[in-house]
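Biologist: I should be grateful for a close look at a single part of this model, namely one of its strands and the partners beside it. Please then set that part in the context of the whole chain.

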Amino acid sequence: MVKKDFIDTCTFSKNEMQFLADLGLKIKKAINHGYYPPLLRGKSLGMIFDQVSTRTRCSAETAMTELGGHALYLAPGQIQLGENGHEGLADTSHALGDLVDIIGVRTASHDDIVTIAQNSHAPVVNFMSDDDHPTQALGDLITIKEFLPQGKKLSDIKLVFVGDATQITVSALFLCAQMGMHFVQYGPKEKQVSPNLLRKAEKIAQQNGATITLSDDEKVLENADFIYTDVWYGLYDQELDQTEYMKIFYPKYQVNAEMLAKTNNSAVKFMHCLPANRGEEVTASVLNGENSIVWQQAANKKTAMRAIFTYLLKDKLAKEDFSNQIDNEFQRDLKNMLEN
């Protein structure tokens with residue numbers, strides 16, 4: 001049995017990402033109908049967090065609980081790792097991988113997450129690094145599927161990411177490339193996705209029929225199905241302070257009513273990974289407006305976590321969970337999905 005990790009948004013194939021989204025939606029529907037499938041009964045998640053987190057931590061912890069599992073929050077200073085610890089990353093990863101069933105990591109260094117995965121017997125999930133945020137990408141895919149414009153397929157979708165090339169921009173870029181969607185980054189040239197990441201994404205896009213555009217011309221907003229943005233100075237960004245970022249991005253790249261109107265699509269949906277700074281990258285009226293789906297998007301982080309944990313642990317799931325429960329629509333569907 002080969003261990004799988006989820007470290008980069010493009011870790012999994014287009015079909016696997018589609019399956020993960022469908023699995024998450026199936027589990028979500030089951031829970032909304034009052035059936036909590038005990039898919040992760042007896043399983044434990046170790047969560048290593050070097051940074052603060054609201055949505056990622058809470059979605060991971062509650063996803064494990066709802067499916068019968070348990071999550072351990074491993075903050076700085078609570079384990080023998082880090083500045084005041086007595087053990088290196090490799091040894092901690094090896095030990096932890098034998099103590100828990102799955103590991104989630106949020107840290108600035110993407111390379112550290114790779115090292116943890118290389119030394120852990122348990123699957124490792126990237127809960128966000130300075131390079132990528134793959135669990136966010138899956139949650140975004142699920143949200144886009146739920147709000148897919150009538151008559152359109154994923155391959156018809158145009159997603160415009162406004163602003164800086166944060167790790168959220170990168171995860172959205174690779175998601176669109178993997179799923180055959182049309183990605184646009186609308187931002188100043190000096191803050192667009194780096195050439196090496198762009199080349200990698202373009203190779204994936206060519207395989208899946210996706211398109212990628214980087215531009216500072218507002219014309220690229222036209223016919224957008226989704227407008228997505230992130231804060232202009234992020235969790236791991238030490239380049240400039242708030243004042244300097246405001247000079248670069250404001251007011252041209254603020255998502256406001258005027259920008260939404262430039263899409264010529266009254267049904268355009270607004271997305272944001274949150275937390276948001278009202279009055280900076282987005283106005284309060286857009287964030288809380290009728291085009292906004294940010295709260296559904298945030299809730300779908302848990303939908304994504306349920307699917308990721310179940311998929312990565314599917315070979316270890318207790319078979320009796322299916323045979324001992326009352327037979328119903330959700331049980332049969334989930335059993336068929338995971339077995340086939």
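**Strand β3 and its surroundings**

Modeller: Strand β3, residues 102-106, pairs with strand β4, residues 124-126, in the parallel sense, and 3 bridges join the two. Within this pairing, valine 105 stands opposite asparagine 126 of β4. The model is a predicted one, and what follows should be read as a description of that prediction.

β3 has a further partner in β1, with which it pairs over 5 bridges, again in the parallel sense. Here too valine 105 takes part, as the bridge partner of isoleucine 48. Valine 105 is thus matched with isoleucine 48 and also set opposite asparagine 126 in β4.

The next point is the cover over the two faces of the strand. In a regular strand, the side chains alternate between the two faces of the sheet. In β3, one side carries Ile102, Gly104 and Arg106, the other carries Ile103 and Val105, and all of these are buried. Because 5 of the 5 residues of β3 are buried, the strand is largely enclosed by the rest of the structure. The charged residue types are not excluded from this arrangement, since Arg106 is among the buried residues of β3.

Strand β8, residues 226-229, offers a parallel case. Phe226 and Tyr228 lie on one side and Ile227 and Thr229 on the other, and all four are buried, so that both faces are covered. β8 pairs in the parallel sense with strand β5, residues 158-162, over 4 bridges, and in this pairing leucine 159 has phenylalanine 226 as its bridge partner. β8 is also joined by 4 bridges to strand β9, residues 269-272, and these two run parallel. In that second pairing, the partner of tyrosine 228 is methionine 271.

Two residues in and after helix α1 illustrate contrasting surroundings. Lysine 26 lies in helix α1 and, with a relative accessible area of 19%, is buried, because the limit for that class is under 20%. Apart from neighbours within four places in sequence, lysine 26 is in contact with Phe330, Asp333, Leu334 and Met337. Glycine 34, by contrast, is found in the loop between α1 (14-32) and β1 (44-49), and its relative accessible area of 55% makes it exposed. From C-alpha to C-alpha, glycine 34 is 35 Å from glutamine 167, and the two are 133 residues apart in sequence.

These parts belong to a chain whose secondary structure comes to 13 helices and 9 strands. Its radius of gyration is 20 Å, close to the 20 Å that the globule rule gives for 340 residues, so the chain is as compact as a globular protein of that length. Along the principal axes, the C-alpha atoms fill a box of roughly 55 × 50 × 35 Å.

Of the 340 residues, 54% count as buried. Among contacts between residues at least 6 apart in sequence, 74% join residues at least 24 apart. The accessible surface comes to about 14900 Å², and carbon and sulfur atoms account for 47% of it. As to charge, the chain has 34 positive and 44 negative charges, and their mean positions are 6 Å apart.

Note on methods: Residues are numbered from 1 along each chain as its sequence is written. This is a predicted model: local features need pLDDT of at least 70, side-chain atom pairs count only at pLDDT 80 or more; totals for chains, interfaces and linings use all residues. Side-chain values use heavy atoms; hydrogens and water are left out. Buried means under 20% relative accessible area, exposed over 50%, partly exposed in between (1.4 Å probe, protein chains only). Two strands pair if DSSP finds at least two bridges between them. The radius of gyration is taken over C-alpha atoms; the globule rule is 2.2 Å times the number of residues to the power 0.38. Contact means heavy atoms within 4.5 Å. Accessible areas come from the Shrake-Rupley method with a 1.4 Å probe; for residues, only the protein chains shown count as cover. Lys and Arg count as positive and Asp and Glu as negative; His and the chain ends are not counted. The place of a charge is taken as NZ of Lys, CZ of Arg, CG of Asp or CD of Glu.
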